[in-house]
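Let's take a walk through this one together. Keep the viewer open and follow along as we go from one spot to the next.

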Amino acid sequence: MEFKNTLTFAREQDAQDPLARYRDAFHFPKVNGKDVIYFTGNSLGLQPKRTKEYVDEVMEDWAQMAVEGHFQAEKPWWDYHERLAAPLAKVVGAKTKEISVMNTLTVNLHLLMVSFYRPTAKRFKIICEEKAFPSDQYMLQSQARFHGLNPEECIVEVKKRPGEHHWHTQDFLDKIAEVGEELALVLIGGVNYYNGQVLDMARITEAGKAAGAFVGWDLAHAVGNVALELNQWKVDFAAWCSYKYMNSGPGNASGIYVNEQYLDRTDLPRFEGWWGTRKETRFLMRPEFEPMPNADAWQLSNAPILSVAPYLASLSLFEEVGMPALIKKRDKLVAYLEFILREVDKEVSTSFEIITPKERGCQLSVFLHGEGKSLFHFLMQNGVITDWREPNVIRLAPAPFYCSFEDMFRFGTILKQGILEH
Ligand SMILES: *Cc1c(COP(=O)(O)O)cnc(C)c1O
């Protein structure tokens with residue numbers, strides 16, 4: 001499609017956008033009395049207006065019923081989290097029984113590693129991507145040490161090629177082949193937080209499993225952003241946070257996926273708690289652990305309802321819209337943003353280098369050669385919220401749920417002004 005760098009063109013695209021009306025379903029922060037242009041939905045998604053209702057309902061039930069709310073509330077708390085599994089299964093391409101919602105992301109990855117990282121003298125290595133998100137690096141290192149191993153001998157990073165900003169699938173496959181029988185686990189971020197690259201999760205999973213390893217994915221930047229088929233790809237396990245593209249609010253509950261083949265396995269080690277036992281007999285308070293027949297077996301504690309309720313609110317929006325429609329708009333919106341960046345690039349002396357490869361979701365990461373943090377502050381003061389990484393990479397993630405084509409056009413104008421004037 002032929003794009004134009006004009007307000008009229010941008011507004012025409014918004015007028016034709018079937019998701020345009022969802023913009024009004026979210027709260028926007030304001031700068032100088034105007035809605036911000038929000039590019040950080042990859043960090044913390046905006047608050048859906050309906051979330052307050054869901055939270056208020058829990059607050060009200062707690063006030064009116066206190067402990068009785070566990071069973072008497074309209075959405076009883078004891079199995080509240082089960083309401084999230086079916087809509088979430090659609091978002092990640094899984095079966096409902098393979099999904100649970102609990103804890104937070106790093107906690108869940110640790111818990112899943114208890115089950116899926118079981119190093120032996122021969123098979124003990126972990127493949128991950130170079131410069132993984134720091135929490136993931138700390139997690140892998142501390143897991144290695146927990147097993148009495150030296151992280152430097154266990155953790156094998158797949159690097160980018162010299163001078164390049166993205167990974168090649170082949171380099172993951174080659175590394176898997178090279179580590180071979182020593183490979184215990186592949187655990188990688190499905191969409192890289194820094195360059196926005198979407199990895200070929202299907203092929204990497206297939207190769208890791210063929211090498212005899214378990215394969216798990218950290219889907220923090222993937223969920224609610226890209227098409228996922230976890231069950232079809234035969235991924236062993238995955239976890240994600242819900243506050244980025246899934247708009248569930250700061251630090252709120254995380255989701256996990258465990259492939260169905262492990263749900264009735266009694267030989268798999270797992271850290272267990274009472275919320276993982278069969279709910280039919282849970283309150284008999286018996287000493288034997290009888291696992292739930294689904295991914296809820298990994299649950300430990302009774303669910304933090306005030307953290308889960310906003311996630312349920314957000315999932316109701318995903319249910320209405322569906323990933324295919326979000327992805328369709330995402331592709332056009334990101335392509336328009338790329339076009340706008342290239343137009344601005346022609347008019348200023350700063351050179352823009354988009355380091356996100358063509359395998360991308362919502363995010364464009366851009367090197368602004370010759371610019372510094374003062375540009376970021378200029379954007380902020382003019383109502384554009386972006387994410388700046390030293391030395392001069394700006395991450396732009398226009399979430400299709402609430403960002404408009406007009407936002408992209410207005411951003412271009414402000415960016416150009418910032419480069420020329422600040
Ligand atoms: C955002 C993010 C995290 C954050 O972890 P929390 O446990 O939710 O604080 C971890 N890993 C990746 C890859 C992320 O993008």
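Which side chain is joined to that of R360 by a polar contact of 2.9 Å? It's the side chain of E338. Keep in mind as you look that this is a predicted model. R360 itself sits in the loop between β13 (351–354) and β14 (364–369). Leaving out residues up to four places away in sequence, R360 touches G196, V198, R330, V334, A335 and E338, so E338 turns up both in that list and in the 2.9 Å polar contact. For a sense of scale, try P119: it is 241 residues from R360 in sequence, and the two C-alpha atoms are 33 Å apart.

Now zoom out for a moment. The protein has 13 helices and 17 strands, and its C-alpha atoms fill a box of roughly 70 × 60 × 35 Å along the principal axes. Is the radius of gyration what you'd expect, or what else might it be compared with? A compact globule of 422 residues would come out near 22 Å, and the protein has 23 Å, so the two agree. Buried residues make up 57% of the 422. The accessible surface comes to about 18100 Å², and 52% of that belongs to carbon and sulfur atoms. As for how the chain meets itself, take the contacts between residues at least 6 apart in sequence: 71% of them join residues at least 24 apart.Next, the ligand. Around the ligand you'll find L105, T106, F133, D136, D218, A220, H221, Y243 and K244. Sorted by type, the residues of this shell are 4 nonpolar, 2 polar and 3 charged. Several polar atoms are worth picking out here. T106 places a polar side-chain atom 2.6 Å from an oxygen atom of the ligand, and K244 has a polar side-chain atom 2.6 Å from a ligand oxygen too. With D136, the partner is a nitrogen atom of the ligand, 2.7 Å from an N or O atom in the D136 side chain. On its own the ligand has 390 Å² of accessible area, and the protein covers 83% of it.

Stay with one member of that shell, F133. F133 is in the loop between β7 (125–129) and α6 (134–146). Is F133 buried or exposed? F133 counts as partly exposed, because its relative accessible area is 35%, between the 20% and 50% cut-offs. If you look for N192, you'll see that its C-alpha atom is 8.2 Å from that of F133, although 59 residues separate the two along the chain.

From here, go to helix α5, where N108 lies. N108 has a relative accessible area of 0%, so it is buried. Which residues is N108 in contact with, leaving aside neighbours within four places in sequence? They are M102, N103, A239, S254, G255 and I256. S254 is a good one to highlight: it is 146 residues from N108 in sequence, yet the C-alpha atoms are 7.5 Å apart.

N103, one of those contacts of N108, has something of its own to show. N103 is in the loop between β6 (99–102) and α5 (105–116), and its phi is positive, about 45 degrees, although N103 is not a glycine. At 25% relative accessibility, N103 is partly exposed. K234 has a positive phi as well, near 60 degrees, and is likewise not a glycine. You'll find K234 in the loop between β10 (214–218) and β11 (237–240). K234 counts as exposed, because its relative accessibility is 52%. Why flag such spots? Most residues other than glycine have a negative phi, and most peptide bonds are trans.

The peptide bond from E390 to P391 is cis, with omega near 0 degrees. P391 is in the loop between β16 (387–389) and β17 (393–396).

Last stop: R270, in the loop between β12 (254–258) and α10 (305–321). R270 is an arginine with a relative accessible area of 13%, so it counts as buried. What does the R270 side chain make a polar contact with? The answer is the side chain of E272, at 3.1 Å. Apart from neighbours within four places in sequence, R270 is in contact with V114, S115, F289, P291, A297 and W298.

Conventions. Residues are numbered from 1 along each chain as its sequence is written. This is a predicted model: local features need pLDDT of at least 70, side-chain atom pairs count only at pLDDT 80 or more; totals for chains, interfaces and linings use all residues. Side-chain values use heavy atoms; hydrogens and water are left out. A residue is near a molecule or strand if one of its heavy atoms lies within 4 Å of it. A polar contact is a pair of N or O atoms within 3.5 Å; within protein, one must be able to donate a hydrogen and the other to accept it, and residues adjacent in sequence count only if both atoms are side-chain atoms. Accessible areas come from the Shrake-Rupley method with a 1.4 Å probe; for residues, only the protein chains shown count as cover. Ala, Val, Leu, Ile, Met, Phe, Trp, Tyr, Cys and Pro count as nonpolar, Asp, Glu, Lys and Arg as charged, and the others, Gly among them, as polar. Helices (H or I, at least four residues) and strands (E, at least two) are DSSP runs, numbered from the N terminus. The radius of gyration is taken over C-alpha atoms; the globule rule is 2.2 Å times the number of residues to the power 0.38. Buried means under 20% relative accessible area, exposed over 50%, partly exposed in between (1.4 Å probe, protein chains only). Contact means heavy atoms within 4.5 Å.
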